[in-house]
Amino acid sequence: MVKNFFKIAYRNLLRNKGFSIINIVGLAIGMASAILILLWVQNELSYDNFYQNKDRLYQTWNKDKNNEGTFNVWNVTPKPLAAALKQDYPEVEKATRVGWDETYLFTVGEKKMNVVGNSVDNDFLTMFQFPFIKGNMNTALNDPYNIVITQKLSKKLFGNEDAMGKTLLIDNKFNYTVTGVMKDLPNNTQFDFEYLVPWHFMSITNQDDSSWGNNSTHNYVLLKPNVDIAAFNKKIQNIIIKHGEPGWTTQEFLYPVSKLHLYSNFENGVPEGGKIETVRVFILIAVFILIIACINFMNMSTARSEKRAKEVGIRKVVGAQKSSLISQFLGESILIAFLAGFIALILVQLCLPAFNSLTTKQLVVQYGSMYFWVAFIGFILFTGILAGSYPAFFLSSFQPVKVLKGSFKKVNTLVTPRKVLVVLQFTFAIAMIICTIIIEQQIRYAQERESGYDKNNLVYVSLAGDMSKNFSLIKNDLMGKGIATAVTETSAPITEGWSSGGAYWQGKPANDRTEFNFFDVDDAITKTVGLTLLKGRDFDLKNYPTDSNAVLINEAAAKVMRFKQPLGQIIDTGAWNTNWHVIGVVKNFILQSPYESIKPMIIQGPKANWFNVIHVKFNDANSTAFNLAAMEKVFKEYNPDYPFNYYFVDEKYAAKFSDEKTTGTLTAFFAGLTIFISCLGLFGLATYMAENRIKEIGVRKVLGASVTGITTLLSKDFVKLVIISILIASPVAWWSMSKWLSDYTYRINISVWVFLIAGLIAIVISLMTVSYQAIKAAIANPVKSLRTE
């Protein structure tokens, strides 16, 4: 019986090659799209969820009230916190600090390279348990001068030699011995290091401190089994207040490591979603694309019902049960789903490199995994049953008497299942077009926002080796040789904010909790990066030596401080034991997200003495290639042991839009596929419609109907369905995009013309799809169509 089912299914595929190809291609594209999206979704959902102790791993977070009376939260906390939690609270089994990702020069023999890694406490390895290839994770970091490296770094430094016990030089100063080699990190972890060294490294590089007021590191704890996290959070909430100074109000709480990636948005101190919302959107996209592909199959199968009606009638007359007919039709759809499924796998493999490049992932299909094949076959069966369910029940319900008399056809009705399915297809496709347009508008809107500084010909270099010691010589050479027009040291790149905190000034309200961005500079910052001075002047240490303890403030800070005359005012930032005097006010500029409002900012003079970056404004009279080559020679002269690495500010600023661009590109890509699949089905329906009405068309032409009139007659029903889809899709897309835009302070207003353009695109595409078959039928010779009568 089963063999007979498949034989009939195979014959039907060959008998109707055109419709079979449309069905298989449509399902294959839909399945391939769903597989790609689900690979990405699986990677996102697995983020930081593979640790052995994931249910007991937590990161420490701070919480404090702002001027509006609501809570701000942040996950950078004091360095002494981890040790205090482990020592004073029996619920804590282990704790570790994790320093910022830092790049240092590694030297092994003649090999020199910059490597990114972290300083951690000994508990880190046993808390997160990244797999080791060599060494013992329990003891690998016991000695202050031990180091653990990844397999990839071991290969780069030592080739095929065993790295264990080998010595390497860090920053041309410190010798470390390799005591562990771990597997390369997976791409679904928050960590991104190639080496780990004991926290002692922070001490010998003057980066450690014991201040409870300096929120400057990430702390993690492993709780003992069965600890009530809500009760424990209540217990530790005042730990910073306890160790801090009078008047401190910052509270502490633990947040699960497994939720950091997807649930990192907070509203008034309470978790309120995050990237999980994007994941959910793409799950819906995958589901709808698959449904649209299945709708094609349903529509094509039911549209061809007349072709198989007599087969059903004869089968029923000779005793076939409805259940056997349902099984037959479902078997056919599952066969088509299997063919489409394996074509989809080929498409996935072909598209995966480009998809990985777009999403900056390293996604792979696990062909060697039994779980993959079980899931894949289940996916095919689900698709086949979903696509074939409606046609199977529809075709098997024909009454044999009516079928064999030729009177089974139903008259045209206002609403049919096929029309509903077409409307559903185009509703989703049009909604995605609208979303794509709005996302692109929002990105462009933020890109066109004035940054507040001149990004052109501006580069920066991260300080390393002897750069800081030789900064004056480097600066003099760059400017003396005509390579640069201005050079300055800063605490961070102009595109990033690395420090923030409170400040004090005369007349500050007692309840003011404003948080300021801090940015430390050496000299001539406005000239170097092109800030606009509104009042006062730039730093000028040559003519005004007291500028070492001067500050510039931005417009937002001047507004918060309510200074009638800001110049000469005194500000205390609580650091460096310095009363800073204001020498100027600069126009607001974007330091962090271009989608958010600009925070108050204090630009501190060189007495802060925390420099990490050199900004260089190139001389426009030279070519960029000349400036880079000449600058490299200067840096090599004064810092010969270190590779020369530079970054263009305009490229770093453009990177701020990468997440939204990825979302927009993916949405546009899958919107295009959705339209293509929908049009594929529409083309098939139009073809079948033209075939069924060929004699009617012949009669109309004989009676004098024009080609335009016949084309309009055949196309208008489809256009009506698309217009209904537009009316349904528009409010749905408006609601979803309004919700998405609400996450951005700086955002567009959704215009009516977006819906008009999306609707016009849908109508034009559908007309182009249907018109080909309509015109083909309209220009056919009526003699041929009527000859058989």
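Me: In which helix does Gln442 lie, and what makes a stretch of residues a helix here?

Reply: Gln442 lies in helix H14, which covers residues 417-447. A helix is a DSSP run of H or I with at least four residues, a strand is a run of E with at least two, and both are numbered from the N terminus. This is a predicted model, in which local features need pLDDT of at least 70 and side-chain atom pairs count only at pLDDT 80 or more, while totals for chains, interfaces and linings use all residues. Residues are numbered from 1 along each chain as its sequence is written, and side-chain values use heavy atoms, with hydrogens and water left out.

Me: Why is Gln442 called buried?

Reply: A residue is buried under 20% relative accessible area, exposed over 50%, and partly exposed in between, with a 1.4 Å probe and protein chains only. Gln442 has 0% relative accessibility, so it counts as buried.

Me: What does Gln442 touch, and what does its side chain reach?

Reply: Contact means that heavy atoms come within 4.5 Å. Leaving aside neighbours within four places in sequence, Gln442 is in contact with Tyr595, Trp740, Leu741, Tyr744, Tyr746, Arg747 and Ile748. The side chain of Gln442 also reaches the backbone oxygen of Tyr746 at 3.0 Å, and this fits the definition of a polar contact (a pair of N or O atoms within 3.5 Å, where within protein one must be able to donate a hydrogen and the other to accept it, and residues adjacent in sequence count only if both atoms are side-chain atoms).

Me: What is found around Thr674 in helix H20, and is Thr674 buried or exposed?

Reply: Thr674 belongs to helix H20, residues 658-692, and its relative accessibility is 1%, so it counts as buried. A polar atom of the Thr674 side chain lies 2.6 Å from the backbone oxygen of Phe670. Not counting residues up to four places away in sequence, Thr674 touches Ile289, Ile292, Phe428, Ala429 and Met432.

Me: What makes the pair Arg537 and Asp547 a salt bridge?

Reply: A salt bridge is a side-chain nitrogen of Lys or Arg within 4 Å of a carboxyl oxygen of Asp or Glu. The closest N and O atoms of Arg537 and Asp547 are 2.6 Å apart, so the pair qualifies under that definition. Both residues lie in the loop between strand E21 (533-536) and strand E22 (550-554), so the pair ties together parts that are ten residues apart in sequence. Arg537 is partly exposed at 25% relative accessible area, whereas Asp547 is buried at 0%.

Me: How many salt bridges does the whole structure hold, and which residues form a network of them?

Reply: A search of the whole structure finds 18 salt bridges, and Glu44, Lys275 and Lys361 are linked in a network of such bridges. Among the salt bridges is that of Lys469 with Asp466, at 3.8 Å from N to O; Lys469 is exposed at 66%, while Asp466 is partly exposed at 33%. Another joins Asp477 to Lys481 at 3.7 Å, and Asp477 is buried, with a relative accessible area of 17%.

Me: How do you know how many disulfides the structure holds?

Reply: A disulfide is a pair of cysteine sulfur atoms within 2.5 Å, and the structure holds zero disulfides. Cysteines in the model include Cys435, which is buried at 12% relative accessible area, and Cys679, which is buried at 9%.

Me: What is notable about the phi of Asp48 and of Thr360?

Reply: Asp48 has a positive phi of about 55° although it is not a glycine, and Thr360 likewise has a positive phi, of about 50°. Most residues other than glycine have a negative phi. Asp48 sits in the loop between helix H2 (17-45) and strand E1 (57-65) and is buried at 1%. Thr360 sits in the loop between helix H11 (322-359) and helix H12 (370-396) and is exposed at 70%.

Me: How many of the protein's residues count as buried, in percent, and how many helices and strands are there?

Reply: Of the 789 residues, 50% count as buried, and the protein has 24 helices and 27 strands. Among contacts between residues at least 6 apart in sequence, 79% join residues at least 24 apart.
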